[in-house]
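Hi,

Here is the structure I said I would pass on. Have a look at it first, and my notes on what turned up are underneath.

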Amino acid sequence: GARLVLNNDAHGPRVLTSLEMARKIALGAGLSPREVIGMFKNSENLVRKVLKDKVVRQRVKKSESQNKK
C-alpha cells in the first residue's frame, strides 16, 4: 500500500511546516505517536530517494555529454 506523509503545499522553504506543527497535525488527525514516527520516516525516505534519483540522473547526463565529445 501507499506510505503516509504529511503534505502542506509549501511553495518555498520559508513556509514549510515545522516538525512540531506536523506532529500536532498528525496527532490531531488521529494518528498514534508510533504512526507519526512512521510518517516522518516515510517522508525522510522519500526525500532520500528523490535526491538519490536526482544525483543518478545528473551523472547519466554528464556521462552522455562526455561520450558525445
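A quick word on naming before anything else: helices here are DSSP runs of H or I with at least four residues, numbered from the N terminus. With that in hand, D9 is easy to place, as it sits in the segment before α1. Please keep in mind throughout that this is a predicted model.

While you are at D9, check its backbone. Its phi is positive, at about 60°, although D9 is not a glycine. Most residues other than glycine have a negative phi. D9 also counts as exposed, because its relative accessibility is 53% and the cut-off for exposed is over 50%.

Now the overall picture. The protein has two helices and zero strands. Its radius of gyration is 17 Å, well over the 11 Å that the globule rule gives for 69 residues, so the protein is more spread out than a compact globule. The C-alpha trace spans about 55 × 30 × 15 Å along the principal axes. Just 9% of the 69 residues count as buried.

Next, helix α2. It runs over residues 33-67, which makes 35 residues. From first C-alpha to last it reaches 51 Å, close to the 51 Å expected at 1.5 Å a residue. Which residues of α2 are buried? They are V36, M39 and N42. An α-helix has 3.6 residues a turn, so residues three or four places apart point the same way. As for what covers the buried residues of α2, α1 (19-28) is included.

E35 is also in α2, but E35 is partly exposed, with a relative accessible area of 44%. If you want a distance to try in your viewer, take E35 and E20: they are 15 residues apart in sequence and 15 Å apart in space, C-alpha to C-alpha.

Last, the largest pocket. It holds about 170 Å³ of space. Its lining is made up of L6, N7, N8, L16, T17, L19, A22, M39, F40 and S43. Both α1 and α2 supply at least two residues of that lining, and α2 gives the largest share, with three residues. M39 therefore turns up twice in these notes, as a buried residue of α2 and in the pocket lining. What kinds of residue line the pocket, by class? Six are nonpolar, four are polar and none is charged.

That's the lot from me. Shout if anything is unclear.

Cheers

Methods: Residues numbered from 1 in each chain as written. Predicted model: local features only at pLDDT ≥ 70, side-chain atom pairs only at ≥ 80, totals over all residues. Heavy atoms only, no water. Expected span 1.5 Å × (residues − 1). Buried < 20%, exposed > 50% of the residue type's maximum accessible area, 1.4 Å probe, protein only. Contact = heavy atoms within 4.5 Å. 1 Å grid on protein atoms, 1.4 Å probe; cavity = no way out; pocket = protein on both sides within 12 Å on 5 of 7 lines; lining within 4 Å. Points joined across faces, edges and corners; volume = space filled by probe spheres on them. Nonpolar A, V, L, I, M, F, W, Y, C, P; charged D, E, K, R; others polar. Rg over C-alpha atoms; globule rule 2.2 N^0.38 Å.
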